[in-house]
Amino acid sequence: MPENTARTTALTSGTVDFIEYAPLRDIPSFEADASLKLAGESNTNIRFIGFNLSKEPFDNLKVRQAIAAVVDREAMLGPTVFGYGTPTEVLFPPDFWAALQQDVRPPDVERAKALMAEAGYADGFETTITSWSQYSFLSNAAVVLQEQLRQIGIEAELNLVENATMVEQIYDPATRDFDIAVTGESAYVDPNTIVLAYFKTGEGNNFMGYSNPEVDKLVEQGIASTDQEERAGIYQEIQKILLEDLPWVNLFVANQYEAMKDYVQGYVHIPTGSNASFRTTWLKG
C-alpha cells in the first residue's frame, strides 16, 4: 500500500496489524488512539541540496557558501516532515557513532548577501531546482528552498520530476542535466555507504562531480580500518572537509516510525531501517 491514507486506514480499521513508514502527518492521531502504539523516531537518512560542480556558478565556493548561509532548516521541517525531523549541517544524525557533533547555525541572510557579492553575483542569478515529484518531503523542501533563495537574488525554477527522469537527470553520469538537486539517502548501516559512493572521486553516485584527494585518502583509510573509534575519527574528519568544500548542503534527518496495534509484541525499531526484529515479533491473543 504505497498511498499514505490507505495504509493509515488499513491499520486503524484493523485490516492490518502493522505498517512501516507510518505517515508523519498521522502521528498525532496514532498517539491519541489507545488501540495503537508507535515504535521508532531516529533513523539513518539524510536530505540535502546537491550542486552540479561542473556548472557555473556552482563551481564557485562562495556561491555555495551563500546558499548554505541562507538555508533555514527549521523552516523546512513543517512543510516536509510535519516537524518530525532533526535539522543538521553534517551527514549523520547525532546518535550515530560516526556523527560529527556540531550545532546547526541559524540562517544569516546578510552574510549570504555579502558572499554573493564577493562571488560577483550581487544581483543574483537564475537557476533550476530539480527534485522528486513522488516524495513530498523532498519536493516540498525544494519549494521552501526556492523561497529562501529569493532572499539573496537567486530565482530558481522548480523542476519536479518522476523517479525515472530524476535518476536520468541527476544520477546518470552520461546526462547529469541539473543545477541544484534536492534529494536524499536512506537506511545506510555503515558510514562508508554514503561517503564512498557520494564523495570519492569518480564513484557512481558522486553526481556533484566532487573530487578532493584528501577525502579520497580518508575514504580508503576508513575502509581499511576495523577499529570503530578510529573509523569514527576518520569519518568526522571527512565531514569537516565537506563543510569547507560544500559539494552539498545537508538539510535534515527525517524521523521514521512504525505503527501497530497494541497487541503486537516484541517489535523493536532499528534506526537503519532493518526489519530484523520481526523475528521476535508476535501477536498477543
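Author: Here helices (H or I, at least four residues) and strands (E, at least two) are DSSP runs, numbered from the N terminus. The model is predicted.

Reader: Which strand gives the largest share of the lining of the largest pocket?

Author: Several elements supply at least two residues each, among them α1 (4-13), β3 (45-51) and β7 (180-186). Helices α4 and α6 and strand β9 (256-261) do so as well. The largest share is 4 residues, and it comes from β7.

Reader: Which residues lie nearest the centre of the largest pocket?

Author: The space in this pocket is about 900 Å³. Its lining counts 30 residues. By class, 14 are nonpolar, 11 polar and 5 charged. Nearest the centre lie Asn4, Tyr21, Arg47, Tyr135 and Phe137.

Reader: Which element gives the most to the lining of the second largest pocket?

Author: This pocket holds about 270 Å³ of space. Of the elements, α3 (61-70), α10 (228-245) and β8 each give two or more residues to its lining. With 3 residues, the most comes from α3.

Reader: How many charged residues are in the lining of the second largest pocket?

Author: The lining has 16 residues. Ala68, Ala69, Glu89, Arg105 and Arg111 lie nearest the centre. By class, 8 lining residues are nonpolar and 2 are polar, while the charged ones number 6.

Reader: Which strands are the edges of the open sheet of 6 strands?

Author: The order in this sheet is β4-β8-β3-β7-β5-β6, with mixed pairing. An edge strand here pairs on one side only. That holds for β4 (85-87) and β6.

Reader: By what angle are neighbouring strands of this sheet turned on average?

Author: The sheet is open and has 6 strands. Direction is ignored for this angle. The average turn between neighbours is 25°.

Reader: Which residue in β8 stands opposite proline 87?

Author: β4 and β8 (residues 248-254) run antiparallel and are joined by 3 bridges. Helix α4 (residues 73-81) packs on the sheet and touches both strands. Opposite proline 87 in β8 stands phenylalanine 252.

Reader: At the other edge, which residue of β6 stands opposite tryptophan 132?

Author: β5 (residues 125-132) pairs with β6 (residues 154-161) in the parallel sense, over 8 bridges. Together with helix α6 (residues 136-149), these strands make a right-handed β-α-β unit. Tryptophan 132 has opposite it valine 161.

Reader: Which residues does glutamine 134 touch, leaving out those up to four places away in sequence?

Author: Glutamine 134 sits in the loop between β5 and α6. Its C-alpha atom is 26 Å from that of phenylalanine 58, which is 76 residues away along the chain. Contact means heavy atoms within 4.5 Å. On that basis, glutamine 134 touches Glu162 and Asn163.

Reader: Why is one side of β1 and of β2 left without a neighbour in the sheet?

Author: These strands belong to an open sheet of 3 strands, ordered β1-β9-β2 with antiparallel pairing. β1 (18-19) and β2 (36-41) stand at its edges, so one side of each lacks a neighbour: each has a single partner strand.

Reader: Which residue in β9 is the bridge partner of glutamate 41?

Author: β2 and β9 run antiparallel. They are joined by 6 bridges. The β9 partner of glutamate 41 is glutamine 256.

Conventions: Residues are numbered from 1 along each chain as its sequence is written. This is a predicted model: local features need pLDDT of at least 70, side-chain atom pairs count only at pLDDT 80 or more; totals for chains, interfaces and linings use all residues. Side-chain values use heavy atoms; hydrogens and water are left out. Two strands pair if DSSP finds at least two bridges between them. A crossover is right-handed if, with the strands pointing away from the viewer, the path from the first strand over the helix to the second runs clockwise. Axes are lines fitted to C-alpha atoms, for helices over the stretch in contact, and angles run from 0 to 180 degrees between N-to-C directions. On a 1 Å grid over the protein atoms alone, a cavity is a set of points where a 1.4 Å probe fits but cannot get out, and a pocket is an open set with protein on both sides within 12 Å along at least five of seven lines; lining residues have an atom within 4 Å of a point. Grid points are joined across faces, edges and corners, and a volume is the space filled by probe spheres set on the points. Ala, Val, Leu, Ile, Met, Phe, Trp, Tyr, Cys and Pro count as nonpolar, Asp, Glu, Lys and Arg as charged, and the others, Gly among them, as polar.
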